[in-house]
Amino acid sequence: MSIQKIAQLAGVSVATVSRVLNNSDTVKAKNRERVLQAIKESNYQPNLLARQLRTARSSMILVMVSNIANPFCAEVVKGIEEEAEKNGYRILLCNSGSDMARSKSALKLLSGKIVDGIITMDAFSKLPELTTIIGDAPWVQCAEYADKGAVSCVGINDVDAAQSVISHLVEKGYQRIALINHDLSYKYARLRERGYKAALHAWSLDYQAVEYASELSSSAGMAAMDVLLAAETRPDAVFAVSDTLAAGAMRAIANAGLRIPQDIAVVGFDGTELAEMVSPQLTTIEQPSRDIGRKAVGLLLNRIEHPDAPTERVMMDWRYISRAST
């Protein structure tokens, strides 16, 4: 279906159709409605390359995630895609695995003008190298963030959230609270551990045990929990920095013949659908994952439209959800 055919169906000129496609405000409302109706009926898709040549924009956003298999990442991407499409953009998704070679390959799309901007969810430790590659291009860092610099970002206060978990457990009578953490190259992992340790200190608790999962998976959470169970002093509660790790910890506890929460309570993090699928259902910190994605798109579009706009750092609300695992 060509733009000429759309003009014929709508009974208007090709120029009028072009102005509608480019959101010009010089088109009469009646003609705009006729063009939009013709587009809808014919399922017309504008030629993105032709539009790029006319506007110097591609209406494409590159989204780089560290691990799309992570349910939290997947939910954030859904929010990104929803908001992007609402604003006339499409996304290109790169599962970088925090691998710089793969990231560099994807980022060539910026220099080739294939995408107008980028949203990343890479590890905080990768940001300096990414900054060198991305340069002045519109960029928003999602979930992982810098306290200063020229990159806009959106996330939650991980320290406060982690402290809240420990406080809730202590108030329920738990005294030996362990932490299952992940890769400390991620800032969220460092911040959640900081919150965990700060809360133990605030409550004057002597017991402290941190086990690092080899990857962000259920099997790695299970292996980390096995180590904690084999220790001379067994924890009576476990806080995992993701729901996926928590689900693995629950399997290990069950395999050891122990009960949740009577013998060991378990708390996760992220508030993914997985928390409601396990048995008993998992207490967790719920992040507004889709809203984080939507906000990231809003920040990016502002950078695209206003390259000199000041850097924005947005901290969103989180929620402690108490379920049967505690």
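**Two domains and a shared core**

Q: What makes I119, I166, I177, I180 and M225 stand out in the largest nonpolar core?
A: Of the 79 residues in this core, these five touch the most other members. A nonpolar core is a set of buried Ala, Val, Leu, Ile, Met, Phe, Trp, Tyr and Cys residues joined through side-chain atoms within 4.5 Å, and buried means under 20% relative accessible area with a 1.4 Å probe, protein chains only.

This is a predicted model, where local features need pLDDT of at least 70 and side-chain atom pairs count only at pLDDT 80 or more, while totals for chains, interfaces and linings use all residues. Residues are numbered from 1 along each chain, and side-chain values use heavy atoms, without hydrogens and water.

Q: Why is this core said to lie between domain 2 and domain 3?
A: Domain 2 (58–156 + 289–317) and domain 3 (158–286) both give residues to the core, so it lies between them. The bounds come from an automatic or database domain assignment.

Q: Which residues does I119 touch, beyond those up to four places away in sequence?
A: I119 touches ten of them by name: I61, L62, V63, M64, I80, V140, C142, A296, V297 and L300. Contact means heavy atoms within 4.5 Å.

Q: What is the area buried between domain 2 and domain 3?
A: About 1,200 Å², with 52% from carbon and sulfur atoms. Buried area is the accessible area (1.4 Å probe) that two parts lose on being put together, summed over both.

Q: How many salt bridges are counted between domain 2 and domain 3?
A: The count is zero, as no pair meets the rule of a Lys or Arg side-chain nitrogen within 4 Å of an Asp or Glu carboxyl oxygen.

Terms used
Buried < 20%, exposed > 50% of the residue type's maximum accessible area, 1.4 Å probe, protein only.
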